[in-house]
Amino acid sequence: MAGKRFPWVLAPVPWSDTPQFTRGVKDGLPLLSYGCAPRDKLATYRQLRAMGLRPNGFDPVALLYVRHNKSKKVSFASLYLIEKAAPVRPMTPAKWTALAKANFARRICRSCGKDPMYVLPTSTGQCWPCFEASENEQAAT
Ligand SMILES: [Zn+2]
């Protein structure tokens with residue numbers, strides 16, 4: 001079955017006026033294999049970010065798949081049109097404040113309301129002394 005899973009298909013694509021060879025369709029988007037996506041036209045979110053760009057609200061136009069030989073797993077990456085991308089918005093003081101608030105909220109214990117000076121696990125939202133105390137309580141009852 002190797003190589004048969006995603007057969008080559010000649011299909012119309014958003015980034016070219018002429019039909020291009022793709023690896024079929026997945027989730028309604030053209031599927032591309034490693035090395036066949038045009039690097040000057042398509043980029044992943046992280047590649048856009050590295051260029052100082054953002055998808056600008058546009059949905060991905062294609063999917064890239066990579067097969068990991070060792071684990072036999074296939075992972076997919078969304079590809080965006082570089083020409084539709086916009087520059088990353090610069091950080092404003094308000095944005096820095098919002099970010100600091102959000103990070104601070106991650107450190108406030110749900111039980112005692114104190115800041116233990118580390119980010120709390122999202123599973124409990126408690127600082128370690130409170131978590132231990134509640135565990136002992138549960139064990140006692
Ligand atoms: Zn606590």
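These are my notebook entries on a predicted model, covering its domains, strands, cores, zinc site and a few single residues.

**Entry 1. Domains**

I began with the division of the chain. The protein is split into domain 1, residues 9-87, and domain 2, residues 93-140. I then looked up the separation of the two and found 39 Å between the C-alpha centres of domain 1 and domain 2.

**Entry 2. Strand pairing around β7 and β8**

I followed strand β7, residues 62-68, to its partners. Strand β4, residues 29-33, runs parallel to β7 and is joined to it by three bridges. Within this pairing, I noted Leu 31 and Leu 63 of β7 as bridge partners.

With strand β8, residues 73-81, the direction is antiparallel, and seven bridges join β8 to β7. Here Tyr 65 faces Phe 76 of β8. The hairpin of β7 and β8 has four residues between its strands, and Lys 72 in this hairpin has a positive phi near 65°.

I also checked β8 against strand β5, residues 42-43. Two bridges pair β5 with β8, again in the antiparallel sense. Ala 43 is the residue opposite Tyr 80 of β8.

**Entry 3. Nonpolar cores**

Which residues make up the largest nonpolar core? I listed 10 residues: Val 13, Trp 15, Leu 32, Ala 37, Leu 42, Val 61, Ala 62, Leu 64, Leu 79 and Leu 81. The elements that contribute two or more residues to this core are β7 and β8. A second core, separate from the largest, has six residues, including Ala 43, Leu 53, Tyr 80 and Ile 82. As background, I recorded that nonpolar side chains in soluble globular proteins tend to be buried together.

I then took Val 13 of the largest core and looked up its contacts. Setting aside residues up to four places away in sequence, Val 13 touches Thr 18, Gln 20, Thr 22 and Pro 30.

**Entry 4. Ala 85 and its surroundings**

Ala 85 sits in the loop between β8 and β9, the latter being residues 86-87. Is Ala 85 buried or exposed? Its relative accessibility is 15%, so Ala 85 counts as buried, the cut-off for that class being under 20%.

Beyond its neighbours within four places in sequence, Ala 85 contacts Leu 48, Leu 53, Arg 54, Pro 55 and Asn 56. Of these contacts, I had already noted Leu 53 in the second core. I also looked up Ala 85 against Ala 43: the two are 42 residues apart in sequence, with 9.8 Å between their C-alpha atoms.

**Entry 5. Positive phi outside glycine**

I turned next to Asn 56, one of the contacts of Ala 85. Asn 56 belongs to the loop between β6, residues 53-54, and β7. Its phi is positive, near 65°, in a residue other than glycine. The relative accessible area of Asn 56 is 33%, which makes this residue partly exposed.

Met 117 is a further case: its phi is positive, about 70°, although Met 117 is not a glycine. Met 117 lies in the loop between α2 and α3. With a relative accessible area of 62%, Met 117 is exposed.

**Entry 6. The zinc site**

Which residues are the protein donors of the zinc ion? I found the SG atoms of Cys 109, Cys 112, Cys 127 and Cys 130, at 2.2 to 2.3 Å from the ion. The angles among the four donor atoms are 104 to 117°, and the site is tetrahedral. I checked this against the criterion that all angles lie between 85 and 135 degrees. Along the chain, the donors follow the spacing C-x2-C-x14-C-x2-C.

Why does the pair Cys 112 and Cys 130 tie together separate parts of the chain? Cys 112 is in the loop between α2 (93-105) and α3 (128-140), whereas Cys 130 is in helix α3, so the pair links parts that are 18 residues apart in sequence.

I finally looked up the accessibility of this pair. Cys 112 has a relative accessibility of 33% and therefore counts as partly exposed. Cys 130 has a relative accessible area of 16% and is buried.

Technical notes
Residues numbered from 1 in each chain as written. Predicted model: local features only at pLDDT ≥ 70, side-chain atom pairs only at ≥ 80, totals over all residues. Heavy atoms only, no water. Pairing = 2+ DSSP bridges. Donors = N, O, S within 2.8 Å, 3.2 Å for Na, K, Ca; no water. Tetrahedral: all angles 85-135°; square planar, octahedral: opposite > 155°, others 65-115°. Buried < 20%, exposed > 50% of the residue type's maximum accessible area, 1.4 Å probe, protein only. Domains from an automatic or database assignment. Core = buried A, V, L, I, M, F, W, Y, C linked by side-chain atoms within 4.5 Å. Contact = heavy atoms within 4.5 Å.
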